[in-house]
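Student: I should like to learn how a predicted model is read, beginning with its confidence values. Where should one start?

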Amino acid sequence: MKRIEASTLILRLVLGVTFFIHGLVKFQGGIENIVGWFDSIGLPGFLAYAVALLELVGGIALIVGLGSRIVSALFVLLMLGATFSAKLAGGFLGNGQGAGYELDLALAAMALVIAITGSKMFALDALFFKKDKHESNVKKAA
């Protein structure tokens, strides 16, 4: 059981740092550029703010282990949206003019693992939503 928790911790941290940095770069590099790009591919520009904010705040939430399953499920949806709206036409590895969807697929798979299994090791969720030991022992005995 410890190996599984350690493995999901690694996934959670790498996923969190990756999304945090992606969100941060969107704001540092000029969110207006991202808004313009969203408009150019037929998506409402305001979604750029939502995506960047989800990446930034969601990345931090994963790093500290707060709402990991929910945040990861949102990241799965985000990566599917990115794949189908912007990356699919470029192919798996890209077409020389744009990135492919291989990274999006890998991040979606990582997020899906966390969404399904959760990640309690070194997570704030484990502190805030700790079950009563007596309640856990009663359930085990039943």
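Tutor: One starts with pLDDT, the predictor's confidence in each residue, on a scale from 0 to 100. In this predicted model the mean pLDDT of the protein is 91, and 92% of its residues reach 70 or more. Local features here need pLDDT of at least 70 and side-chain atom pairs count only at pLDDT 80 or more, while totals for chains, interfaces and linings use all residues. Residues are numbered from 1 along each chain as its sequence is written, and side-chain values use heavy atoms, with hydrogens and water left out.

Student: Which element has the lowest mean pLDDT, and which the highest?

Tutor: Where pLDDT is low, the predicted coordinates should not be read in detail. Helix α7 (residues 133–141) has the lowest mean pLDDT, 50, and α3 has the highest, 98.

Student: How many helices and strands are there?

Tutor: Both are DSSP runs numbered from the N terminus: helices are H or I with at least four residues, and strands are E with at least two. The protein has seven helices and zero strands. Its C-alpha atoms fill a box of roughly 60 × 25 × 20 Å along the principal axes.

Student: How is burial expressed, and what percentage of the residues is buried?

Tutor: A residue is buried under 20% relative accessible area, exposed over 50%, and partly exposed in between, using a 1.4 Å probe and protein chains only. Of the 142 residues, 32% count as buried.

Student: Which residues have the most contacts inside the largest nonpolar core?

Tutor: A nonpolar core is a set of buried Ala, Val, Leu, Ile, Met, Phe, Trp, Tyr and Cys residues joined through side-chain atoms within 4.5 Å. The largest one here has 19 residues, and those with the most contacts inside it are Leu15, Phe19, Phe75, Leu78, Met79 and Leu107. At least two residues of this core come from each of α1 (2–28), α2 (31–40), α3 (47–64), α4 (68–87) and α5 (102–117).

Student: What does Phe75 touch, beyond residues up to four places away in sequence?

Tutor: Contact means heavy atoms within 4.5 Å. With that sequence limit, Phe75 touches Phe19, Leu54, Glu55, Gly58, Gly59, Leu62 and Ala111. Phe75 is also one of the buried residues of α4, a list including Val71, Ser72, Leu78 and Met79. The cover over the buried residues of α4 includes α1, α3, α5 and α6 (124–128).

Student: Is Ala109 of helix α5 buried, partly exposed or exposed?

Tutor: Ala109 counts as partly exposed because its relative accessibility is 42%. The C-alpha atoms of Ala109 and Phe75 are separated by 9.8 Å, and the two residues are 34 apart along the chain.

Student: Is Lys26, in helix α1, buried or exposed?

Tutor: With a relative accessible area of 16%, Lys26 is buried. Apart from neighbours within four places in sequence, Lys26 is in contact with Ile31, Ile34, Val51, Ala52 and Glu55. The C-alpha atoms of Lys26 and Val51 are separated by 9.2 Å.

Student: Which backbone angle deserves attention at Phe122?

Tutor: Phe122 has a positive phi of about 55° although it is not a glycine. Phe122 sits in the loop between α5 and α6, and this residue is exposed, with a relative accessible area of 68%.
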